[in-house]
2 protein chains.
Amino acid sequence: MTSLSQRKKEILRTVVELFVKGAEPVGSKAVAEALGSSVSSATIRSEMAELESMGLLEQPHTSAGRIPSSNGYRIYVNDLMQDQNISSDDAKVIDSTLDGHLTETPSLLDKVGSLTSRLTTYPAYAMSSMTGVISIVRFDLIYVDSSTFIIVVLLSNDTVKNKLVHLTTNVEQTMLTRLSAVLNASFTGIPEERITPALITSSERAIGDNTGLVAVVAGFTIELLIEAKTVGTRVSGAINLLSHPEYRDVDKAQRIIRYLSDEKELARLPSPETPGEIKITIGPENLADELRDSSVMAIKYDTGSDLQGLIGVVGPTRMDYSKVAAHLSYMAQGLSWLLGGPGSEVMQLKASSKVNKTGDDRVGEE
Amino acid sequence: MTSLSQRKKEILRTVVELFVKGAEPVGSKAVAEALGSSVSSATIRSEMAELESMGLLEQPHTSAGRIPSSNGYRIYVNDLMQDQNISSDDAKVIDSTLDGHLTETPSLLDKVGSLTSRLTTYPAYAMSSMTGVISIVRFDLIYVDSSTFIIVVLLSNDTVKNKLVHLTTNVEQTMLTRLSAVLNASFTGIPEERITPALITSSERAIGDNTGLVAVVAGFTIELLIEAKTVGTRVSGAINLLSHPEYRDVDKAQRIIRYLSDEKELARLPSPETPGEIKITIGPENLADELRDSSVMAIKYDTGSDLQGLIGVVGPTRMDYSKVAAHLSYMAQGLSWLLGGPGSEVMQLKASSKVNKTGDDRVGEE
DNA sequence: TTTAGCACTCAGAGAGTGAGAGTGCTAATG
DNA sequence: CATTAGCACTCTCACTCTCTGAGTGCTAAA
């Protein structure tokens, strides 16, 4: 790719920015004005004609202005886009939302997604997934009454799961104590796939259980291990698509929204390599047909433990890349801080924030 | 209201049904054909004119056919609508979905909502809320290591909540034992609003704690009580609105979808009195302006414990009331059964189903 | 009471028109 | 040689007008 003259760069940048703002093809006169009339529209015109022949601009029809091609956007995003800070209002909103009651991952994803969507005006998705293998660190069985007990399991990713079990038969405190000793001996430290019927049977023998209690606990355990690994995904503000003129066509909007509500498809969306990095795919760079004339921006954030989160935004290729980038960065930074990514160390107790139902939390007292 | 002749009833019913199907004003000829040509279109014409003067039909414009007025729909729904069974395919889908891994309330609401929406082709909402006051039944503090412990709380609505706490200071097993004794003595059985700073201070004195441990535990407790009471709401398939011609106008669709994403508004939607009953509000019967030309159908289901669930559907007044009613009934029945409503008694253990992360579960062994 | 016939109404599709925006080209200018 | 003003040209969009067809209400006959 031959490099562009400074003036061509400015013109390309101007065209992108005006088009992002106005959603209408940009004419030479508008560009000339935006550039402060240092050159006339005729000059711009010939420059734009060259940019078009280089494949960076295109013309919807002869008598219209120019719009950026996807290559044009690509160059804009790589070289011409200027870093932007989010407004202090938006920062406040993000801060206060993150600072609120983030009691569990699904609801956190929800909030992050819907906030991102609201602030960017594009549909957003948020997902978090396990990296690494989960095993059980310890079991506890809490005796409630003769027909009721609670299973509490601490997992290797520092989350705790529990379940209340009502029996139609009776249990005794001593039985539970014995059972939990056996479980702690044989079920902890091993990955999920090694909790087999054979293991369960042998545990049952070890404890002399013929009531199926071990099976109940084991069944629950397997299920929650699967659940703990499961990727949580939320899509928010899909409806925002409709506000953008490129999706006025209801069918088109519907196709994309349906696409977004398919978790499997979402998981396949491009994802940045490292936390903090923003991955942008523009128009035809997207593999999915549905996104051929849309763009996707995504950022990763680190949550300490073994969880890794992703926030993404889907919009028209005319999306406001620089604004969205600023929002994503700010949001991801806040999340990494909140959830204790690598840089965050032990956190201070802050009234009623950072409490986490099933998750990890660090609390300090002076 | 003067009662209608049998023929007028048939005509009204036909108009509603044809209009529901075709989304276009229904002319006298179409009605005559649908009625098997037992009378001519001219006769139908004069009947329809009378139905119009009675306020049950209306004419969008002079040269168009008739559409039902909201009063017309009301009569249809009250008197003329015939019970319908859902297709066996749909029944299968519902059964298998409900039968799957319903591990927690939010995800259950999610599934129920999106399934309802998919089958009915209208946006659906599902919510569940607490009835009654929640208090704490018991505390357990599980010692993990010198800087880590788990808080486990059993609530009066038979749910269990937990949290993993990392400290920057050390704790000992004995301290936790003492603490849990004090907490069980002073915090259990009382409603949330009585957990005051004074109570916390006095507990701290009782135990000789100056590390803030009690405050941490109390803070968490208050938070989770609030959380446990919180109404969970999910809206699914909002995008389905766009498939119906009355919402081709993007702005209109957007207004309604925004309305639906406001939990507070949803909570205000009409709700049936008793489980199993379906509440229908048609067009202007809705208090909310946004729903003035839409209809809402909702059904309650019972979940045993103190939870009560609601499934609702929003659509055009031209909605297929009878089909939606069938779906809602089937769904609600399945849920009541699954979640152990009044009629379900203790359930049998079924491999890996009905496991419930934070909730209640009944397990039986022979 | 029902029906056939007929004049009437009106929305919506299609064709035609004019205005306006923007272009590319050419010739003049510094 | 780069830049600019001028100009003819192109094409979309909004608007108007016309025509068609569906459906009606009324009237008179069965």
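**Reading domains, DNA surfaces and single residues**

Mentor: Between the centres of domain 1 of chain A and domain 2 of chain A, taken over C-alpha atoms, the distance is 28 Å; the domain bounds themselves come from an automatic or database domain assignment. This is a predicted model, in which local features need pLDDT of at least 70 and side-chain atom pairs count only at pLDDT 80 or more, while totals for chains, interfaces and linings use all residues. Residues are numbered from 1 along each chain as its sequence is written, and chains are lettered from A and ligands numbered from 1 in the order in which they are written.

Trainee: Into which domains is chain A divided?

Mentor: Chain A has domain 1 at 6-80, domain 2 at 88-123 + 237-339, and domain 3 at 136-228.

Trainee: How many residues of domain 1 of chain A are in contact with domain 2 of chain A?

Mentor: Contact is a distance criterion, met when the C-beta atoms of two residues, placed from the backbone, lie within 7 Å. By that criterion, 7 residues of domain 1 of chain A touch 10 residues of domain 2 of chain A. On the domain 1 side, helix H1 (6-22) and helix H4 (70-80) of chain A are the elements that give two or more residues, where helices (H or I, at least four residues) and strands (E, at least two) are DSSP runs numbered from the N terminus. H4(A) gives the most to this side, with 4 residues. By class, this side of domain 1 has 5 nonpolar residues, 1 polar and 1 charged; here Ala, Val, Leu, Ile, Met, Phe, Trp, Tyr, Cys and Pro count as nonpolar, Asp, Glu, Lys and Arg as charged, and the others, Gly among them, as polar.

Trainee: Which residues come nearest to DNA strand C?

Mentor: A residue is near a strand if its C-beta atom, placed from the backbone, lies within 6 Å of it. Around DNA strand C there are 19 residues, of which A:Gly27, A:Ser28, A:Ser63, B:Thr62 and B:Ser63 come nearest. Two or more residues are given to this surface by helix H2 (28-34) and H3 of chain A, together with H3 of chain B, and H3(A) gives the most, with 4 residues. The surface near DNA strand C divides into 7 nonpolar, 9 polar and 3 charged residues.

Trainee: And which residues are the closest to DNA strand D?

Mentor: DNA strand D is surrounded by 19 residues, the closest being A:Thr43, A:Thr62, A:Ser63, B:Gly27 and B:Ser63. Here the elements that give two or more residues are helix H3 (41-53) of chain A together with helix H2 (28-34) and H3 of chain B. The largest share of the surface near DNA strand D, 4 residues, comes from H3(B), and by class that surface has 6 nonpolar, 10 polar and 3 charged residues.

Trainee: At what angle do the axes of helix H1 and helix H3 of chain B cross?

Mentor: Axes are lines fitted to C-alpha atoms, for helices over the stretch in contact, and angles run from 0 to 180 degrees between N-to-C directions. The axes of H1 (residues 6-22) and H3 (residues 41-53) of chain B come within 10 Å and cross at roughly 85°. That makes H1(B) roughly perpendicular to H3(B), since angles under 35 degrees count as roughly parallel, over 145 as roughly antiparallel, 65 to 115 as roughly perpendicular and the rest as oblique. H1(B) makes the contact through B:Arg7, B:Lys8, B:Ile11 and B:Leu12, and H3(B) through B:Ile44, B:Glu47, B:Met48 and B:Leu51; these residues divide into 5 nonpolar, no polar and 3 charged.

Trainee: Why does B:Tyr330 count as buried or exposed?

Mentor: A residue is buried if 20 or more other C-beta atoms lie within 10 Å of its own, exposed if 12 or fewer, and partly exposed in between, with C-beta atoms placed from the backbone. B:Tyr330, in helix H12 (residues 321-339) of chain B, counts as buried because it has 20 C-beta neighbours inside 10 Å. Leaving out residues up to four places away in sequence, B:Tyr330 touches B:Ile86, B:Ala91 and B:Ile94; B:Ile86 is 244 residues away in sequence, but 7.9 Å away in space, C-alpha to C-alpha.

Trainee: Where is B:Ala23 placed?

Mentor: B:Ala23 is in the loop between H1 and H2 of chain B, and its phi is near 60°, a positive value in a residue other than glycine. B:Ala23 is partly exposed, with 13 other C-beta atoms within 10 Å.
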